[in-house]
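Biologist: I'd love a close look at a single part of this model. Please take me through the helices and the nonpolar core they help to build, and explain your reasoning as you go.

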Amino acid sequence: MNDTVVPVLQADNICKSFSGQRILNGVSVGLRRGEIKTLIGPSGGGKSTLLQCLNCLVLPDEGAISLDGQQIDLANKRSLYQLRQQVGMIFQEFNLFDHLNALDNITVALRKVKKISRAKAEERARLELDQVGLADKADLYPAQLSGGQKQRVAIARALAMDPQVLLLDEPTSALDPELTGEVLAVIRSLAGKGMTMLMATHQISLISTLADEILFMEAGVIVEQGEPAQLLSPGCGSKSAGFCDRLTEIAEGDCAC
């Protein structure tokens with residue numbers, strides 16, 4: 001990629017502490033349009049906190065965030081709302097409204113935030129449900145959906161807002177192995193359509209075959225980054241390779257049970 005291209009999303013020197021404990025310590029990351037990066041590393045390394053800071057669900061204590069080269073005023077609510085519309089978030093636990101069916105889970109933000117009419121919002125919601133393979137589930141409530149279906153509704157909800165970037169926080173970690181494949185298929189489809197994504201994941205297939213770049217985080221710092229071919233090559237001795245080898249061993253152990 002051309003290094004002169006302005007990143008669609010850029011974070012510089014992001015720091016965040018909770019109860020006096022430093023979780024992020026000067027993290028910088030940029031995403032160019034159409035780029036896919038994976039965040040990997042041990043639990044507690046700061047991956048989820050970084051993702052939440054990037055769309056300001058959690059406000060960083062220090063640092064700057066820019067969208068299309070324009071720095072976001074983190075003290076301005078309007079600026080934060082605009083950022084969140086452009087930077088969608090997919091959570092581990094789906095975060096659907098239990099009292100709304102799949103269609104209404106998607107339309108609520110379109111109507112309340114974008115002020116779109118109900119008819120137009122439902123039209124867009126049905127389009128996104130079709131894109132994730134759930135056109136026939138529009139009237140079902142979360143309790144009637146499998147975990148994989150819930151996550152696909154959550155992805156459809158994010159896509160309906162026309163984000164420039166998707167942030168995904170372990171999107172398959174709450175799913176049984178047999179349900180993981182359907183969510184991975186949607187993610188691969190989005191990648192094929194050029195969606196810009198940053199995702200924390202333990203899925204080896206996404207790390208090795210989908211990512212343009214791997215970011216290895218531990219203790220609140222990105223300690224290693226590079227292309228999968230570089231960091232996962234046999235015998236390279238990288239932290240990323242060691243981590244992925246351990247994930248493979250765990251997966252093979254589960255399969256043997």
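Modeller: Happy to! Before we look at how helices pack, a word on axes: each one is a line fitted to C-alpha atoms, for helices over the stretch in contact, and the angle between two of them runs from 0 to 180 degrees between N-to-C directions. Please also keep in mind that this is a predicted model.

With that in hand, start with α5 and α6. Their axes lie 8 Å apart and make an angle of about 20°. Angles under 35 degrees count as roughly parallel, and α5 and α6 are therefore roughly parallel to each other. On the α5 side of this contact you will find G147, G148, Q149, Q151, R152, I155 and L159. Facing them from α6 are L179, E182, V183, V186 and L190.

Now for the core. The largest nonpolar core of the model holds 38 residues, and L166 and M197 have the most contacts inside it. At least two of its residues come from each of the helices α3 (102-112), α4 (118-131), α5 (147-160) and α6 (177-192), and likewise from each of the strands β7 (165-169) and β8 (196-200). L166 gives a good view of how these elements come together. Setting aside residues up to four places away in sequence, L166 touches A158 and L159, then L190, and also M195, T196, M197 and L198, with G88 and I90 completing the list. Such grouping fits a wider pattern: in soluble globular proteins, nonpolar side chains tend to be buried together.

Next, let us follow α4. Its 14 residues should span 20 Å at 1.5 Å a residue, and the C-alpha atoms at its two ends are indeed 20 Å apart, so expectation and model agree. Which of its residues are buried? They are A121, A125, E128 and L129. Because these residues cover an arc of only 100° around the axis, they sit on the same side of α4. That buried set packs against α3 and α5. Turn to the other side of α4 and you meet the exposed residues A119, K120, E123 and D130. Just after the helix comes G133, with a positive phi near 80°.

Between α4 and α5 runs a loop, and L145 lies in it. Is L145 buried or exposed? A residue under 20% relative accessible area is called buried, so L145, at 7%, counts as buried. Beyond its neighbours within four places in sequence, L145 is in contact with K137, L140, K150 and V153.

For contrast, have a look at α1, residues 47-54. Six of its eight residues are buried, so this helix is largely enclosed by the rest of the structure. The buried ones are K47, T49, L50, L51, C53 and L54. Following α1 is C56, whose phi is positive, near 65°. Most residues other than glycine have a negative phi. C56 also belongs to a nonpolar core, although not to the one we began with. Apart from the core of 38 residues lies another of 29, which includes V8, C56, I72 and L198. So on your next pass through the model, you might follow L166 to its contact L198, and from L198 into that other core.

How values were computed. Residues are numbered from 1 along each chain as its sequence is written. This is a predicted model: local features need pLDDT of at least 70, side-chain atom pairs count only at pLDDT 80 or more; totals for chains, interfaces and linings use all residues. Side-chain values use heavy atoms; hydrogens and water are left out. A nonpolar core is a set of buried Ala, Val, Leu, Ile, Met, Phe, Trp, Tyr and Cys residues joined through side-chain atoms within 4.5 Å. Buried means under 20% relative accessible area, exposed over 50%, partly exposed in between (1.4 Å probe, protein chains only). Helices (H or I, at least four residues) and strands (E, at least two) are DSSP runs, numbered from the N terminus. Contact means heavy atoms within 4.5 Å. The expected span of a helix is 1.5 Å times one less than its number of residues. The arc is that of the directions from the helix axis to the C-beta atoms. Angles under 35 degrees count as roughly parallel, over 145 as roughly antiparallel, 65 to 115 as roughly perpendicular and the rest as oblique.
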